[in-house]
Amino acid sequence: AALRAELDETNQGVLALYAELDNQAAQLREASELKSRFLSYMSHEFRTPLGSILSIARLLTDEMDGPLTDEQKKQVGFVSGAARELSDMVDDLLDLAKIEAGRITISPAWFELMDLFSALRGMFRPIVDGTEATLVFESPVGLPKLYTDDKKVSQILRNFISNALKFTPRGEVRVSASLVEGDQVCFTVRDTGIGIPEELQHVLFEDFTQVDSPLQKRVRGTGLGLSLCKQFAGLLGGSVGLHSVVGEGSSFFVTLPLALPAEANDDQA
Ligand code: ADP
């Protein structure tokens with residue numbers, strides 16, 4: 001009977017432990033949901049005033065012949081630059097919140113790589129014009145049309161390219177695409193910039209990671225861009241990676257299936 005009582009007691013103890021673990025898991029889930037909701041609410045709320053700042057700054061810069069002095073025009077340029085940066089960060093936070101809440105939608109469509117590359121070339125022209133770097137898009141040869149989410153692919157490449165340009169003050173950023181194993185495409189963004197120390201390369205795709213070395217002199221950003229790239233690539237059935245040598249440059253790549261299964265169409269929205 002004593003053994004029985006002891007066993008009962010142990011059972012009770014194990015059950016209580018389970019209940020406590022369950023309770024803690026529920027609390028953690030709730031805290032995580034709260035954090036995602038807060039992130040998404042905050043990002044939404046930031047967007048409206050930011051939009052106003054951006055459009056007023058644009059109005060002022062468009063009226064360059066107006067009453068603004070050169071110094072004032074320069075200041076307005078800083079305002080729009082800072083507002084654009086902030087707006088990119090807010091977009092990253094919003095995407096992170098959506099991914100965490102499982103609310104990211106994948107919308108595959110057929111598209112030509114050439115069209116994606118020309119859109120990216122146009123998007124980066126104003127940025128490249130202001131630097132001493134060149135941005136080259138190699139013509140994709142022998143690649144069929146893709147059936148995937150072109151907006152997500154564009155977002156991944158945009159991130160790679162804008163990082164490459166940030167860390168390549170002079171030199172070249174080269175974007176290319178090639179067929180891998182017959183049914184995948186590998187996009188590479190190669191730069192001849194400052195490179196990334198080997199011991200930091202494996203953490204760059206984690207949330208909020210930035211290289212804090214004297215060479216990088218803390219270029220502004222959230223440290224979220226590459227983590228979002230990795231998560232988007234995962235949602236599209238692919239993966240990301242990098243090769244980098246300090247002082248020589250970096251290559252970031254993303255490998256994706258050429259075509260998503262048609263049923264991915266209506267995903268987890
Ligand atoms: P951020 O918003 O800070 O750019 P990312 O996740 O896109 O965040 O990048 C994380 C960090 O990785 C950057 O802050 C930078 O330190 C490093 N990094 C990314 N791309 C490059 C590159 N092409 N050359 C050198 N460093 C890079």
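Reader: What makes β6 and β7 a pair?

Author: Pairing requires that DSSP find at least two bridges between two strands. β6 and β7 have 7 bridges and run in the antiparallel sense, so they pair by that definition. Serine 239, for instance, stands opposite threonine 255 in β7. Strands and helices here are DSSP runs, numbered from the N terminus: E of at least two residues for a strand, H or I of at least four for a helix. This is a predicted model, in which local features need pLDDT of at least 70 and side-chain atom pairs count only at pLDDT 80 or more, while totals for chains, interfaces and linings use all residues. Residues are numbered from 1 along each chain as its sequence is written, and side-chain values use heavy atoms, with hydrogens and water left out.

Reader: Which strands stand at the edges of the sheet, and why?

Author: The open sheet has 5 strands in the order β2-β4-β5-β7-β6, with mixed pairing. β2 (132-137) and β6 are the edges, because each has a single partner strand and one side without a neighbour in the sheet. From one strand to the next, the twist averages 15°. Angles run from 0 to 180 degrees between N-to-C directions; axes are lines fitted to C-alpha atoms, for helices over the stretch in contact.

Reader: Which strands does α3 touch when it packs on the sheet?

Author: α3 touches β2, β4 and β5, and its direction makes about 170° with that of β2. A contact means heavy atoms within 4.5 Å. Helix α6 (residues 225-235) also packs on the sheet. It touches β6 and β7, at about 140° to the direction of β6.

Reader: How do you know at what angle α3 and α4 pack?

Author: Two packed helices are described by the angle between their axes and the distance between the axes. For α3 (residues 113-129) and α4 (residues 150-166), the angle is about 35° and the axes are 11 Å apart. The crossing is right-handed. That term applies when the near helix is turned clockwise from the far one by less than a right angle; anticlockwise is left-handed. Residues in the contact include Leu120, Phe124 and Ile127 of α3 and Val153, Leu157 and Ile161 of α4. The contact residues divide into 11 nonpolar, 2 polar and 2 charged. Nonpolar covers Ala, Val, Leu, Ile, Met, Phe, Trp, Tyr, Cys and Pro; charged covers Asp, Glu, Lys and Arg; the others, Gly among them, are polar.

Reader: How do you know whether the span of helix α2 agrees with its number of residues?

Author: The expected span is 1.5 Å times one less than the number of residues. Helix α2 (residues 70-100) has 31 residues and should span 45 Å. Its end C-alpha atoms are 45 Å apart, so the two agree. Just after α2, glycine 102 takes a positive phi of about 65°.

Reader: Why is glutamate 181 called exposed?

Author: Exposed means over 50% relative accessible area, buried under 20%, and partly exposed in between (1.4 Å probe, protein chains only). Glutamate 181 has 68%, so it is exposed. It is in the loop between β4 (170-180) and β5 (184-191). Its phi is positive, about 50°, although it is not a glycine.

Reader: What makes glycine 247 exposed?

Author: Its relative accessible area is 60%, so glycine 247 is exposed. Glycine 247 is in the loop between β6 (239-245) and β7 (249-257). Not counting residues up to four places away in sequence, glycine 247 touches Gly193, Ile194 and Gly195.
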